[in-house]
Amino acid sequence: MDLKIALLAGDGIGPEVIDQAVKVCDAIGEKFNHSLEWMPALTGAIAIDQVGVPYPDETHEICLAADAVLFGAIGDPRFDNDPSAKVRPEQGLLLMRQKLGLFANVRPTFTFPSLIDKSPLKRERIEGTDLVFLRELTGGIYFGERGRKDDGNTAFDTCTYTRAEIERLARKGFEMARSRSGKLCCVDKANVLESSRLWRETVQALEKEYTDVDVSYEFVDAVAMRLVQWPNSYDVLITENLFGDILTDEASVISGSMGLMPSASLGEKTSLFEPIHGSFPQAAGKDIANPLATILSAAMMFETAFGLHEEGATIRRVVNESLAEGFVTEDLVEGGGKAYKTSEVGDYLAQKIRK
Ligand code: IPM
Ligand code: MN
């Protein structure tokens, strides 16, 4: 296949982890006879520095022309510490989600047998965990009306959802539940919020079409608790934008390191694949960041965007092998073990694929 991939490395450790994913994908291309065309484009703080905006029109054109987008990370402490900054890197990410119509953010949490004791949770609580969040990504409080009143002394952000927005996300959740264990959990705060009551009403109406799916409804505060008690009791969870933002960070560390979990954002146009972790500015340029979340995001890209399952499975296999062999970056080193560089892990995986 001819595959055109927009490459948005972004900020912080983004460029380093993206480089490793490119090495791995190129090796997959060679092994399975695909020709990969990489289309680099600017986004985030680096785009602000170079062209004044975090998601330039040119970048958007490149994303639209591509078969998929591979994304690194966005964010820079220079902006975090300045609440009055008019332009921020994160605006680029939000604009990109909106302009590409990326309404469904797929964030899995699974465990790696060789890392089970790296988890902050006890082994018996997490063994067998394999869940996936579908987070709504282009609505809710992230995109609602906001502002200041009373001479700046009162601030508000509003959470708005339409039935149509909820339904298209929920349908993806039902389909995904169907392809897995048949269990779907709708996470909301319907005991308090009107928008949550519309979520519940919409999902309940869909149950009639998906009678083979077993749906539960749980409040977001209870889910936050049960995620650390019994993460392995969940399968597919659907939720609105902000609840999903918070719960997926919580869930991402269950596997043992935030540097491990991939994600996909699906929607109306080109799909986007990115690690769940952020730009980790303290590690930028040091060649120490864990590239596996980005490499596993590339595996999701092969499967989800291109329908190339063996290619995705091959990436996952070599990642699992390298973990079992202890060929890992410093965040995963067990007492006394050797820490490998970001670039060494990328080279090692690419070479394993070529073998
Ligand atoms: C994420 C991030 C973003 C979000 C930020 C960087 C805007 O935390 O992808 O989860 O809140 O959606
Ligand atoms: Mn987040």
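## Lining of the largest pocket

In this predicted model, the lining of the largest pocket is made up of 13 nonpolar, 7 polar and 11 charged residues. Altogether 31 residues line the largest pocket, and those nearest its centre are Ile-74, Glu-90, Leu-93, Leu-94 and Tyr-142. Two or more lining residues come from each of strand S3 (68-73), helix H4 (77-80), H5, helix H10 (241-252) and strand S12 (272-275).

Helix H5 is a good place to begin looking around: with 5 residues, H5 gives the most to this lining. The space in the largest pocket comes to about 710 Å³.

## The ligand and its shell

What sits in the largest pocket? Ligand 1 does. Around ligand 1 you will find Glu-90, Leu-93, Arg-97, Arg-107, Arg-135, Tyr-142 and Asp-245. Three of these names may already be familiar, since Glu-90, Leu-93 and Tyr-142 also appear among the lining residues nearest the pocket centre.

By class, the shell around ligand 1 holds 2 nonpolar and 5 charged residues, with no polar ones. Helix H5 (residues 89-99) comes up again here, providing 3 residues, the largest share of the shell.

## Polar contacts to the ligand

Which side chains place a polar atom beside an oxygen atom of ligand 1? Tyr-142 is one of them, with a side-chain N or O atom 2.5 Å from a ligand oxygen. Two arginines can be added: Arg-97 has a polar side-chain atom 2.7 Å from an oxygen atom of ligand 1, and for Arg-135 the corresponding distance is 2.8 Å.

How much of ligand 1 does the protein cover? On its own, ligand 1 has 320 Å² of accessible area, and the protein covers 76% of it.

## The second largest pocket

Let's turn to the other pocket. The second largest pocket has a volume of about 480 Å³. Its lining counts 21 residues, with Val-106, Met-176, Arg-180, Met-300 and Thr-304 closest to the centre. Sorted by class, this lining comprises 12 nonpolar, 3 polar and 6 charged residues.

Several helices and strands take part here. At least two lining residues each come from strand S4 (104-110), strand S5 (130-136) and strand S11 (262-266), and likewise from helix H7 (163-179), helix H11 (292-305) and helix H12 (309-325).

Technical notes. Residues are numbered from 1 along each chain as its sequence is written. Chains are lettered from A and ligands numbered from 1 in the order in which they are written. This is a predicted model: local features need pLDDT of at least 70, side-chain atom pairs count only at pLDDT 80 or more; totals for chains, interfaces and linings use all residues. Side-chain values use heavy atoms; hydrogens and water are left out. A residue is near a molecule or strand if one of its heavy atoms lies within 4 Å of it. A polar contact is a pair of N or O atoms within 3.5 Å; within protein, one must be able to donate a hydrogen and the other to accept it, and residues adjacent in sequence count only if both atoms are side-chain atoms. Accessible areas come from the Shrake-Rupley method with a 1.4 Å probe; for residues, only the protein chains shown count as cover. On a 1 Å grid over the protein atoms alone, a cavity is a set of points where a 1.4 Å probe fits but cannot get out, and a pocket is an open set with protein on both sides within 12 Å along at least five of seven lines; lining residues have an atom within 4 Å of a point. A molecule sits in a cavity or pocket if more than half of its atoms lie within 2 Å of its grid points. Helices (H or I, at least four residues) and strands (E, at least two) are DSSP runs, numbered from the N terminus. Ala, Val, Leu, Ile, Met, Phe, Trp, Tyr, Cys and Pro count as nonpolar, Asp, Glu, Lys and Arg as charged, and the others, Gly among them, as polar. Grid points are joined across faces, edges and corners, and a volume is the space filled by probe spheres set on the points.
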